[in-house]
Amino acid sequence: MTTLTEPDFTALRDALGPLRDREQVALRLLESSAKHSFDPDEELDWDAPEEEGKWYWPPELVSLYDTPLWRRMSEEQRMDLARHEAASLASLGIWFEIILMQLLVRHVYDKSVTSQHVRYALTEIADECRHSMMFARMIQKGGAPTYPVPRVYHNLARVLKTVSTTPGSFAATLLGEEVLDWMQRLTFPDERVQTLVRGVTRIHVVEEARHVRYAREELRRQMVTAPRWEQEFTRISCGQAARVFADCFVNPRVYENVGLDRREAVAQVRESGHRREVMQSGARRLTDFLDDIGVLRGPGRRLWRSSGLLA
C-alpha cells in the first residue's frame, strides 16, 4: 500500500505518455459525479409490468447464440435463457462490486483523508453500493434466481482481498468492469430489450465510465512506480483473474433451469466461434490498454490467452 507521502506522478510517464496529476483527475471525476449520478430507486419504474415479447438480454450476447442447440430451441426458450443469463451476469456483477468496494477501502486506508483522490474513491464506493442493490432488484423483478459463483472462487476471493497488491487490485477491477460495460453499451439502446433492463444498463454505463477512468489512471501510476516483483505478481494475478472471470461469466445452471442438457450446452458454448468473438471483442479495449502499459507479458499473457479473452 502507498504511504501518505505521494510521489510526483507528473514527472513520470509510460508508453501512453506523461502520467496525469492524481488530484486533478479525481477532481474532474468528482465534478462528473455531481452532474451525472443516479438514484435507481427513483430513476427507474420498478412497478411497471414485464413487456411481452421483449428480451432481458440481447440475443446476440446470449452464450448459446448461433449454436446448433440455439437453432433447435424455440423462441420462448431462447428468451427464457436470456432472462436467466441476465440474472447470472447481474449476480456476477454484484460479486465483483462487493470485492471492488473492499479493495478500494484498502487502497485509501493509508492515504490522506482530505485528498480528492480519497474523496473520489469514497464516491465510487457509494456508486457501487447503489449498483449492487440495483442489480439485486433487477434479478428479483425478472423472476430468475441468483447465480452465485462456485464456492471455490468465492473463497479464493477472500484470499485476493487479503493479499492483492494495489496494481493487482486495479487490474482486477478493470477486468470486472470493462467486459460487462461493453455488453451493456450494446444493451441500453436496444429496443428489443425490456425497458427496465435498458434503464439499469444505462445507469451502470454512465457511472462506470468514471470508475474505469479512475482505475486506469491509478493502474498506470502503479505499474510505473511499483517494484519489479509487484509488477510481475500483477501480471500473473491479472491473468489468473481473467481465467476465473471467463469461467464464471455464465453460471452453467442457467441451462438446466431452462430445460437444456448442461453438458451439451457448455460444450457448444466452448466450441462457438460467435461466443469467442463476443468475449474477445468485449475484452479488446481492456487488453489493448493492458498490453500498452506492460501488464500482458510473460506467463500472465499466456494465462489471458487460456482464458479465451485474448486472441
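Biologist: Which residues line the largest cavity?

Modeller: In this predicted model, the lining of the largest cavity is made of W57, A86, L89, A90, G93, F135, M138, L180, Q184, V200 and T201. The volume of this cavity is about 100 Å³.

Biologist: What makes the largest cavity a cavity and not a pocket?

Modeller: A 1.4 Å probe fits in a cavity but cannot get out, whereas a pocket is open. The structure holds five cavities of 30 Å³ or more.

Biologist: What makes G93 count as polar or nonpolar?

Modeller: Gly is placed among the polar residues, so G93 counts as polar. The whole lining of the largest cavity divides into eight nonpolar, three polar and no charged residues.

Biologist: Which helix gives the most to that lining?

Modeller: Helix α4 does, with four residues. At least two residues each come from α4 (75–108), α5 (116–142), α7 (166–187) and α8 (195–225).

Biologist: Which residues line the second largest cavity?

Modeller: They are Y56, R83, A86, A87, M138, I139, G142 and A144. The second largest cavity has a volume of about 50 Å³, and α4 and α5 each supply at least two residues of its lining.

Biologist: How do you know that R83 in that lining is charged?

Modeller: Arg is in the charged class, so R83 counts as charged. By class, this lining has six nonpolar residues, one polar and one charged.

Biologist: Why is V163 called partly exposed?

Modeller: Buried means under 20% relative accessible area and exposed means over 50%. V163 has 48% relative accessibility, so V163 counts as partly exposed. V163 is found in helix α6.

Biologist: What makes the nonpolar surface patch?

Modeller: The patch, of about 590 Å², is made by V152, L156, V159, V163, W229 and F233. Two or more of these residues come from each of α6 (151–163) and α9 (228–248), and α6 has the largest share, four residues. Patch residues need over 30% relative accessible area; V163, at 48%, is over that cut-off.

Biologist: Where is the centre of the largest pocket, by its nearest residues?

Modeller: Of the 33 lining residues, A246, D247, C248, V269 and R270 lie nearest the centre. The largest pocket has about 880 Å³ of space. Helix α9 gives the most to its lining, with six residues, and by class the lining has 17 nonpolar, nine polar and seven charged residues.

Biologist: What is the volume of the second largest pocket?

Modeller: It is about 620 Å³. Among its 35 lining residues, L160, A172, S237, A241 and V244 are the closest to its centre.

Definitions and conventions. Residues are numbered from 1 along each chain as its sequence is written. This is a predicted model: local features need pLDDT of at least 70, side-chain atom pairs count only at pLDDT 80 or more; totals for chains, interfaces and linings use all residues. Side-chain values use heavy atoms; hydrogens and water are left out. On a 1 Å grid over the protein atoms alone, a cavity is a set of points where a 1.4 Å probe fits but cannot get out, and a pocket is an open set with protein on both sides within 12 Å along at least five of seven lines; lining residues have an atom within 4 Å of a point. Grid points are joined across faces, edges and corners, and a volume is the space filled by probe spheres set on the points. Patches are made of residues with over 30% relative accessible area and no salt bridge: like charges are joined within 9 Å, nonpolar side chains (Val, Leu, Ile, Met, Phe, Trp, Tyr) within 5 Å. Accessible areas come from the Shrake-Rupley method with a 1.4 Å probe; for residues, only the protein chains shown count as cover. A salt bridge is a side-chain nitrogen of Lys or Arg within 4 Å of a carboxyl oxygen of Asp or Glu. Buried means under 20% relative accessible area, exposed over 50%, partly exposed in between (1.4 Å probe, protein chains only).
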